[in-house]
Structures are given as structure tokens and as C-alpha cells.
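Here are some notes for a colleague at the bench, set out as numbered points. They are meant to be read with the model open alongside.

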Amino acid sequence: MITGASRGLGRAIAVALAEAGADVALAARSKAALEETAHLAAPAGRRALVAPTDVSSYAEVDALVQRTIRELGRLDIVVNNSGVAKVAPLVEMTSDDWRFMLDVNLTGVFNGCRAAGPHLIAQKSGKVINVASVLGQVGLPGYAVYGATKGGIIALTRTLGVEWARHNVQVNAIAPGWFATDMTNEAFAVPAIHQRLTRDIPARRIGRPDEIGPLAVYLASASSDFMTGQTLFLDGGHSAA
Ligand SMILES: NC(=O)c1ccc[n+]([C@@H]2O[C@H](COP(=O)([O-])OP(=O)(O)OC[C@H]3O[C@@H](n4cnc5c(N)ncnc54)[C@H](OP(=O)(O)O)[C@@H]3O)[C@@H](O)[C@H]2O)c1
């Protein structure tokens with residue numbers, strides 16, 4: 001089950017998981033874009049379930065979990081990837097902006113973990129992969145609210161990893177640095193911003209969405225069974241510098 005699978009990093013993760021042998025339940029709000037992801041995953045020969053879902057609604061995420069189990073027969077891997085970013089100085093943010101980003105980014109992850117948790121615990125195995133951000137650890141003006149939601153995901157992942165370790169359910173996070181997706185295309189189209197942002201990255205380039213798939217496959221596989229509660233930074237060295 002992958003949220004935010006309609007484009008960008010979530011789409012790349014969904015296709016990589018299908019290529020690695022998983023049936024995939026694709027969730028986001030846009031049905032047409034989810035169908036496009038299902039089309040891209042089709043050559044892998046696995047089943048793809050298109051499941052329009054707003055992750056900020058617990059009822060919708062719970063229905064997604066139940067539908068995935070009913071129609072695909074199992075649920076082993078939960079990727080909580082949906083996210084939104086509004087960029088502005090904190091003094092220009094409204095309470096509605098705060099609530100909007102919190103509801104999708106952090107409550108969305110809570111909803112995925114909470115709805116899938118009882119099932120994963122009962123079957124005594126599971127992999128949860130939350131998508132945080134380098135900005136949950138590194139400060140950047142304009143991203144105080146977004147960074148707070150992503151820092152929350154890192155803390156939630158750490159504690160849930162500890163809480164569910166005894167159930168053989170591993171909970172880890174990927175913290176991407178800058179990647180070229182719809183979320184960032186506008187900023188990177190401005191040469192000055194592109195230059196300013198890549199200056200912070202020791203690799204001197206931004207990531208390609210296809211670079212996240214292998215890490216998600218690793219965290220979804222038995223190879224990572226002894227890893228839990230961790231956040232792995234995939235950021236060209238940004239957070240290490
Ligand atoms: N790109 C980067 O540089 C970068 C860096 C660090 C972290 N991230 C994180 O990586 C994740 C994916 O981002 P991206 O770059 O791929 O961005 P994106 O291209 O804008 O994709 C965001 C995804 O989230 C979904 N989404 C948004 N609101 C939703 C809602 N209420 N319910 C369900 N799904 C919702 C969108 O689908 P619909 O609009 O169809 O609902 C879309 O599939 C996010 O959590 C983001 O914060 C990205």
C-alpha cells in the first residue's frame with residue numbers, strides 16, 4: 001500500500017515495489033493519475049489496485065487498508081508518502097496553512113500506521129516506510145511548518161519502531177533531500193534558486209525519483225529485518241554537511 005502514488009516519489013516507489021514482486025495498492029486523491037501509475041507498473045506483471053483516498057481522513061485510510069486486504073489478499077508493506085508543501089515565512093502562514101500541512105503530512109502518516117497496525121501486529125510481520133524530509137532535520141527559511149511536520153514523522157517513526165519491534169513489524173523512514181518532482185519543479189525552474197539549493201548539496205545535484213525506489217525495496221524486504229526506528233537520509237550528503 002503506497003500513498004501519494006499518483007506522481008513523483010510515490011509513483012517511483014510503487015513501480016519499484018511492483019518490479020520487486022509486490023502487488024500494489026495505489027492511493028492518492030487523483031484517480032486518473034493513479035491509473036497512469038498502474039499502467040507504468042503493469043509490465044512488472046503484478047496486480048495494481050487503484051484506490052482514491054484522502055490520507056487526512058482516518059475513515060478513508062481505514063477503508064483503504066480494508067480494501068487492500070480484501071482485494072489483494074494481504075498487506076505486508078505500508079508506504080506513507082503523501083505530502084504537501086507550502087513555502088512562506090512563518091509570519092505569513094495562517095492557522096489554516098498550519099492545519100493543512102499537519103493534516104496531510106503528519107496526520108496522514110498517523111492514519112496509515114494506525115489503520116494498518118492491528119493487522120501487521122496480528123500477522124506478526126510487516127514493514128512501514130514513512131517518507132519524511134531532510135527538512136525535518138535541517139533548517140531552511142520558509143519551511144518552518146513543513147519542517148515541523150517532517151520532524152514529527154522522524155520522531156513518530158523512532159518511537160513506533162521501538163513499540164512494534166517485539167511484533168516483528170519494522171518501522172523506518174526515508175528522508176529525501178531535493179528531488180525533481182511537481183513539488184519542487186517550480187523552485188528549480190528559477191536558476192538562482194536552483195543554484196542556491198544545490199550549493200547546500202555536497203553531490204552538487206538534485207536527486208532523480210528513480211533513485212528512491214531501491215531504498216524503498218530494501219526497507220520493504222527481509223534484508224532490513226534488523227533495522228527499525230531509523231530515518232535514512234537520501235540527500236546527496238545534504239544533512240551530513
Ligand atoms: N521532492 C522533494 O524534493 C522531496 C524532498 C523531501 C521530501 N519529499 C516528500 O516526499 C513525498 C512525495 O513528494 P513528491 O516530491 O513526490 O511530491 P508531489 O509530486 O507533489 O506528490 C505528492 C503526492 O502526495 C499526494 N497527496 C497530496 N495530498 C494528499 C491527500 N490529502 N491525500 C492523499 N494523497 C495526497 C499527491 O497526490 P494527489 O494530489 O493525487 O492526492 C501526490 O501523489 C512527500 O511526503 C514530500 O514531502 C519530497
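1. Which atom lies 2.6 Å from a polar side-chain atom of Thr-181? In this predicted model, the partner of that Thr-181 side-chain atom is an oxygen atom of the ligand.

2. Two further polar approaches to the ligand deserve a look, one from a side chain and one from the backbone: a polar side-chain atom of Arg-29 lies 2.7 Å from a ligand oxygen atom, while a backbone N or O atom of Leu-9 lies 2.8 Å from an oxygen atom of the ligand. The protein covers 96% of the 890 Å² of accessible area that the ligand has on its own.

3. On the surroundings, 30 residues lie around the ligand, and those that come nearest are Ser-6, Arg-29, Asn-81, Tyr-146 and Thr-181. The space that the ligand takes is the largest pocket, and the elements giving two or more residues to the shell around the ligand are helix H1 (8-19), helix H5 (144-164) and H6. Of these, H6 gives the most, with three residues.

4. Helix H6, which spans residues 182-188, also holds Thr-184. Is Thr-184 buried or exposed? Thr-184 has a relative accessible area of 8% and therefore counts as buried, since the cut-off for that term is under 20%.

5. As for the neighbours of Thr-184, its side chain reaches the backbone oxygen of Phe-179 at 2.5 Å. Leaving aside residues up to four places away in sequence, Thr-184 touches Trp-178 and Phe-179.

Conventions. Residues numbered from 1 in each chain as written. Predicted model: local features only at pLDDT ≥ 70, side-chain atom pairs only at ≥ 80, totals over all residues. Heavy atoms only, no water. Helix = DSSP H or I, 4+ residues; strand = E, 2+ residues; numbered from the N terminus. Buried < 20%, exposed > 50% of the residue type's maximum accessible area, 1.4 Å probe, protein only. Polar contact = N/O pair within 3.5 Å; in protein donor to acceptor, adjacent residues only side chain to side chain. Contact = heavy atoms within 4.5 Å. Near = heavy atom within 4 Å. Areas by Shrake-Rupley, 256 points an atom, 1.4 Å probe, with all protein chains shown as cover. 1 Å grid on protein atoms, 1.4 Å probe; cavity = no way out; pocket = protein on both sides within 12 Å on 5 of 7 lines; lining within 4 Å. Sits in = over half its atoms within 2 Å of the grid points.
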